[in-house]
Amino acid sequence: MLSQVAFVAGSRWSPTGGLALQALISFDAFLVLAGSVLTSFVGVVGLIRRLAMDGCLPSVLLAENKFRKTNHWIILLFFGICTSILVILKGEVAKLSDVYTIAFLCVMSLFAIGNMMLKYKRNHLKREVVASWSTCFAALFLTVAGLVGTIVREPQQLVASCQYCLILTGLLRILLCSLGYAHTFHV
């Protein structure tokens, strides 16, 4: 949509200005998307690597590619998860965005709950940044309000999100049990 706006706006300046501006906006969008995908892979590799090093996930995930020294099993696992949700939703971007919104708001709600739990159970820990109880409750209220709004707007996406989460949880449990890590994963 933004590239179409650029085309219309650029066409007012010159006959070829619309195509040039449209191409520039499209290329910028491509760079932003590529950067976000790369960032997600870097973040997931770091997270899963740390969990495997701490013994929460199987150490087989720490295997490194001898040429690039990357954790190829983590990269392939995350690529499989990302691809599977795209296949399940049949490439429909609107549905994918709703599922992502639900997942993101659930994670943000858990951050607020986690912060409250730290304030209640570990209030004596020294921290540079301290959030007040009212800030924690406001954050939780706003994320839950956004979550409820998304679910009311597209209730079938909640079902898809829950089904996908249960499938991934089951596969992770099977993986951990088969590798002798059943004690690290309790549902």
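**Pocket, salt bridges and overall build**

Visitor: What volume does the largest pocket have?

Guide: This is a predicted model, where local features need pLDDT of at least 70 and side-chain atom pairs count only at 80 or more, while totals for chains, interfaces and linings use all residues. Residues are numbered from 1 along each chain as its sequence is written, and side-chain values use heavy atoms, with hydrogens and water left out. A pocket here is an open set of points on a 1 Å grid where a 1.4 Å probe fits, with protein on both sides within 12 Å along at least five of seven lines. Counting the space filled by probe spheres set on those points, the largest pocket comes to about 2100 Å³.

Visitor: Which residues are the closest to its centre?

Guide: The lining of the largest pocket has 44 residues, each with an atom within 4 Å of a point. Of these, the closest to the centre are Phe 78, Ile 81, Ala 103, Tyr 164 and Leu 168.

Visitor: Where does the largest share of that lining come from?

Guide: H2, H3, H4 and helix H6 (155-178) each put in at least two lining residues; helices are DSSP runs (H or I, at least four residues), numbered from the N terminus. Twelve residues, the largest share, come from H4.

Visitor: How many charged residues are in the lining of the largest pocket?

Guide: The lining has 37 nonpolar residues (Ala, Val, Leu, Ile, Met, Phe, Trp, Tyr, Cys and Pro). Seven more are polar. As for charged residues (Asp, Glu, Lys and Arg), the count is: none.

Visitor: How many salt bridges does a search of the whole structure find?

Guide: To count, a side-chain nitrogen of Lys or Arg must sit within 4 Å of a carboxyl oxygen of Asp or Glu. One of the hits is Asp 54 with Arg 50, at 2.8 Å from N to O. Searching the whole structure turns up four.

Visitor: How far apart in sequence are the parts that Glu 64 and Arg 49 tie together?

Guide: Glu 64 and Arg 49 make a salt bridge, with their closest N and O atoms 3.9 Å apart. Arg 49 belongs to helix H2 (17-53), while Glu 64 sits in the loop that leads on to helix H3 (72-88), so the pair links parts separated in sequence by 15 residues.

Visitor: And how far apart in sequence are the parts joined by Arg 153 and Asp 98?

Guide: The closest N and O atoms of Arg 153 and Asp 98 are 2.8 Å apart, and the two form a salt bridge. Arg 153 is in helix H5 (residues 133-153) and Asp 98 in helix H4 (residues 93-121), so here the separation is 55 residues.

Visitor: Is Asp 98 buried or exposed?

Guide: Buried means under 20% relative accessible area, exposed over 50%, and partly exposed in between (1.4 Å probe, protein chains only). Its partner Arg 153 has 52%. Asp 98 has just 7%, so the verdict is buried.

Visitor: What is the radius of gyration of the protein?

Guide: The protein has six helices and zero strands. The globule rule (2.2 Å times the number of residues to the power 0.38) gives 16 Å for 187 residues. The protein is well over that, so it is more spread out than a compact globule, with a C-alpha radius of gyration of 22 Å.

Visitor: What percentage of the residues is buried?

Guide: Some salt-bridge partners are partly exposed, including Arg 49 at 29% and Asp 54 at 48%. Across the 187 residues of the protein, the buried ones make up 19%.
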